[in-house]
Every structure is written in structure tokens, then in C-alpha cells.
Amino acid sequence: HLRRGYNKVSSAHGRWFCHKFDPPAAALPLEGGAGNGDSGGPVLIQTGPQWRVAGLTSWVAPMATQPGPLGQYGQISCNVRLGHY
């Protein structure tokens, strides 16, 4: 069974690129965010008909305005950007 979520890159700086887990009104279909145990997993990007490994799941930024468990809307996930290396 293939598990996946979609998201838009919201920032890319140096060795990191990040995305935000948007609420339903602003989200992509099947939008998702990183959770416990996801570190080191692949982050794929579609270029034409092919999917390529763009990065590795790394960390979730703490939510200053809404501290709470992972998976909440507004959570920002950051990934190691393989193209940097």
C-alpha cells in the first residue's frame, strides 16, 4: 500500500527546503505533513512524468502561536535538500 501526501515548497534556503501543512480551504488534495518516525524518509518532486528524490525528511519547526502535537494545521516541515550537496 503506497502512502503519500502532497505539498508545495514554501521556502528553500541553502541545504533546507520547507513546506507548510495548510488547512483544508488552502490545501492541496491529500496534503500532509511529517510526523514522528518520518525522519530520513524520501521527499519526492515531480519533474514532467518522472518522480525524483529531492530531499530527506528532517525536522518540524515548533509552532510558536499554537504549541501542540504534530499534524496540526500551520505546522512547517523542513527537509534536507539533496541538490545542495
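**Exercise 1.** In this predicted model, determine how many bridges join strand β2 to strand β5, and in which sense these strands run.

*Solution.* Strand β2 covers residues 16–20 and strand β5 covers residues 76–81. Between them there are 5 bridges, and the two strands run antiparallel. One pair can be located by residue: His 19 stands opposite Ser 77 in β5.

**Exercise 2.** Identify the residue that stands opposite His 19 in β1, and describe how β1 and β2 are connected.

*Solution.* First, consider the pairing: β1 and β2 run antiparallel and are joined by 4 bridges. Within this pairing, Val 9 is the residue opposite His 19 of β2. Next, consider the connection: the two strands form a hairpin with 2 residues between them. In the turn, Gly 14 has a positive phi of about 55°.

**Exercise 3.** Establish which strands pair with β4.

*Solution.* Strand β4 spans residues 50–61 and pairs with β3 in the antiparallel sense over 6 bridges. In this pairing, Gln 50 of β4 is the bridge partner of Thr 47. Strand β4 is also joined to β5 by 6 bridges, again with antiparallel directions. Here Gly 55 has Arg 81 in β5 as its bridge partner.

**Exercise 4.** State the order of the strands in the sheet and name the edge strands.

*Solution.* The pairings of the preceding exercises can now be placed in sequence. The 5 strands form an open sheet in the order β1-β2-β5-β4-β3, with antiparallel pairing. The edge strands are β1 (9–13) and β3 (42–47), each of which pairs on one side only. From one strand to the next, the twist averages 35°.

Key. Residues numbered from 1 in each chain as written. Predicted model: local features only at pLDDT ≥ 70, side-chain atom pairs only at ≥ 80, totals over all residues. Heavy atoms only, no water. Pairing = 2+ DSSP bridges. Axes fitted to C-alpha atoms, helices over the stretch in contact; angles between N-to-C directions.
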